[in-house]
Amino acid sequence: MTDVARYWDGVPSVDDEPAKRAGLGTLVPSRRTMMKSIVALGGALALNVVSALPPGRPKSASAAVGTEHLNCAGYNNYSGYNNNTKACVGFTYSRSYCGSDGWFIRSSGTCYNSYPISICGEGSYSNRNAWRWTHSGTPYRCADGKVATCGGTSTYICSWSNP
């Protein structure tokens, strides 16, 4: 018998029944395996649903009361400080960075954190959180702080008018 004939003898015909393969019966998981799978999937689903819900009570913002002085050392000749064109100088400033007590807002959440810092001053004026100066006849407290988000951290100033 030639190799070609042996080859064709081994090829099944359309009329032949397929051969059963050993070890490939129907796989039936045990009851314990089914219960573990259901509990794991249910827990994952529950965590996804809970993480999508807003918090029960929104976090209130609070500001940290610090110290202030009448002159921010190092900014005496800064543009805006010496010519009365800005309420606060050095960084972007706004009242929206202030808490209800007039100090830099302190709050945190998912991908957001704001907190006061002490960068104004040098020498005997070090470790001050804010300074005061007058712009167009209105005294302002300018409190330094940082706002950190998932995109990075920036420095801002709470500008609180104290008429």
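From the N terminus on, the chain of this predicted model follows the order α-α-β-β-β-β-β-β-β-β. Its secondary structure thus amounts to two helices and eight strands. Of the 163 residues in the chain, 26% are buried. The account below moves from chain-wide values to strand pairing, then to the nonpolar cores, and finally to helix α1.

**Chain-wide values**

- Among contacts in the chain with a separation of 6 or more, 61% link residues 24 or more positions apart.
- The exposed area of the chain is about 11600 Å², and 56% of it is supplied by carbon and sulfur atoms.

**Strand pairing**

- Strand β6 (residues 130-135) pairs with β7 in the antiparallel sense, over six bridges.
- Within this pairing, W133 has Y140 in β7 as its bridge partner.
- The connection between β6 and β7 is a hairpin with two residues between the strands, and S136 in the turn shows a positive phi of about 50°.
- Strand β7 (residues 138-149) also runs antiparallel to β8, to which ten bridges join it.
- K146 stands opposite T155 in β8, and a hairpin of two residues leads from β7 to β8.
- Strand β8 (residues 152-161) additionally pairs with strand β3 (residues 92-94), here in the parallel sense and over three bridges.
- On the β3 side of the sheet, T92 stands opposite Y156 in β8.

**Nonpolar cores**

- In soluble globular proteins, nonpolar side chains tend to be buried together.
- The largest nonpolar core in this model consists of ten residues, namely Y97, C98, W103, F104, A130, A143, V147, Y156, C158 and W160.
- Two or more residues of this core are given by each of β7 and β8, and β8 provides the largest share, three residues.
- Another core lies apart from this one; it has eight residues, including W133, Y140, C142 and I157.
- W133 and Y140, both members of that other core, are also the bridge partners named above for β6 and β7.
- In a regular strand the side chains alternate between the two faces of the sheet.
- Which residues is C158 in contact with, leaving aside its neighbours within four places in sequence? They are S94, Y97, C98, G102, W103, F104, R141, C142 and A143.
- Several of these contacts, among them Y97, C98, W103, F104 and A143, belong with C158 to the largest core.
- C142, also in contact with C158, is a member of the other core.

**Helix α1 and its surface**

- How many salt bridges does the structure hold? It holds one, formed by R6 with D3, whose closest N and O atoms are 3.5 Å apart.
- Side chains of opposite charge can pair when their charged atoms come close.
- R6 and D3 are separated by about one helical turn, because they are three residues apart in helix α1.
- Both R6 and D3 are exposed.
- A nonpolar patch on the surface is formed by V4, Y7, W8 and V11, which together have about 450 Å² of accessible area.
- W8, one of the patch residues, is found in helix α1 (residues 3-10).
- Is W8 buried or exposed? W8 counts as exposed because its relative accessibility is 55%, where exposed requires over 50%.

Notes
Residues are numbered from 1 along each chain as its sequence is written. This is a predicted model: local features need pLDDT of at least 70, side-chain atom pairs count only at pLDDT 80 or more; totals for chains, interfaces and linings use all residues. Side-chain values use heavy atoms; hydrogens and water are left out. Helices (H or I, at least four residues) and strands (E, at least two) are DSSP runs, numbered from the N terminus. Buried means under 20% relative accessible area, exposed over 50%, partly exposed in between (1.4 Å probe, protein chains only). Contact means heavy atoms within 4.5 Å. Accessible areas come from the Shrake-Rupley method with a 1.4 Å probe; for residues, only the protein chains shown count as cover. Two strands pair if DSSP finds at least two bridges between them. Patches are made of residues with over 30% relative accessible area and no salt bridge: like charges are joined within 9 Å, nonpolar side chains (Val, Leu, Ile, Met, Phe, Trp, Tyr) within 5 Å. A salt bridge is a side-chain nitrogen of Lys or Arg within 4 Å of a carboxyl oxygen of Asp or Glu. A nonpolar core is a set of buried Ala, Val, Leu, Ile, Met, Phe, Trp, Tyr and Cys residues joined through side-chain atoms within 4.5 Å.
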